[in-house]
Amino acid sequence: MNSRIRELRKALGLTQKEFAEHIGLKQNAISYMEKSGSTITKQNIKTICSQFNVNETWLQTGIGKIFLEEDRKQKEFFDIFNDLSPALQDYLIRTARDLLDTQSKISSENDIK
């Protein structure tokens with residue numbers, strides 16, 4: 001699991017310090033976690049998986065995909081949304097509604113054919 005934590009951190013493009021800040025720890029705690037043979041608490045596993053949308057099975061065993069894809073897409077969307085000004089957030093919501101209407105119309109037209 002230690003090497004997978006390092007692999008995850010690098011896949012996210014984060015330094016040990018940045019990774020630590022995201023999960024409420026200090027850099028030296030991440031350094032310790034990445035060392036072969038170091039133990040990792042269940043709480044730290046849960047926090048890492050929650051914060052970065054990581055597949056807990058992969059983190060513990062190496063089986064499966066690193067990320068839970070749907071959650072990752074949603075997190076990326078909401079991170080972007082939260083960084084926008086209120087006016088742009090409103091614009092994005094209107095645009096999303098327009099896209100949803102367009103998708104519905106296309107779907108209806110395809111059902112008719």
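Phe77 sits at 39% relative accessibility in this predicted model, so Phe77 counts as partly exposed. Its ring pairs with that of Phe78 in an edge-to-face arrangement, with 5.6 Å centre to centre and 80 degrees between the planes. Phe78 is partly exposed too, at 48%. Add Phe81 and you get a cluster: ring pairs link Phe77, Phe78 and Phe81.

In total, the structure holds 3 aromatic pairs. Another of them is stacked, because the rings of Phe19 and Phe52 have their centres 4.8 Å apart and their planes at 15 degrees. That pair ties together distant parts of the chain, with Phe19 in helix α2 and Phe52 in helix α4, 33 residues apart.

Here is how these four Phe residues compare on accessibility:

| Residue | Relative accessibility | Class |
|---|---|---|
| Phe19 | 0% | buried |
| Phe52 | 8% | buried |
| Phe77 | 39% | partly exposed |
| Phe78 | 48% | partly exposed |

Now for α2 itself, residues 16–23: its buried residues are Gln16, Phe19, Ala20 and Ile23. They span an arc of only 100 degrees around the axis, which puts them on the same side of the helix. Lys17 and Glu21, over on the other side, are exposed. The buried set packs against α1 (2–11), α3 (27–34) and α4 (42–52). Right after α2 comes Gly24, with a positive phi near 75 degrees.

As for α2 and α3, their axes come within 8 Å and cross at roughly 105 degrees, so the two helices are roughly perpendicular to each other. On the α2 side, the contact uses Gln16, Lys17, Phe19, Ala20 and Ile23, which meet Gln27, Ile30, Ser31 and Glu34 in α3. Those contact residues break down into 4 nonpolar, 3 polar and 2 charged.

Terms used:
Residues are numbered from 1 along each chain as its sequence is written. This is a predicted model: local features need pLDDT of at least 70, side-chain atom pairs count only at pLDDT 80 or more; totals for chains, interfaces and linings use all residues. Side-chain values use heavy atoms; hydrogens and water are left out. Buried means under 20% relative accessible area, exposed over 50%, partly exposed in between (1.4 Å probe, protein chains only). Helices (H or I, at least four residues) and strands (E, at least two) are DSSP runs, numbered from the N terminus. The arc is that of the directions from the helix axis to the C-beta atoms. Contact means heavy atoms within 4.5 Å. Axes are lines fitted to C-alpha atoms, for helices over the stretch in contact, and angles run from 0 to 180 degrees between N-to-C directions. Angles under 35 degrees count as roughly parallel, over 145 as roughly antiparallel, 65 to 115 as roughly perpendicular and the rest as oblique. Ala, Val, Leu, Ile, Met, Phe, Trp, Tyr, Cys and Pro count as nonpolar, Asp, Glu, Lys and Arg as charged, and the others, Gly among them, as polar. Rings of Phe, Tyr and Trp (its six-membered ring) pair if their centres lie within 6.5 Å; planes under 30 degrees apart count as stacked, over 60 as edge-to-face and the rest as tilted.
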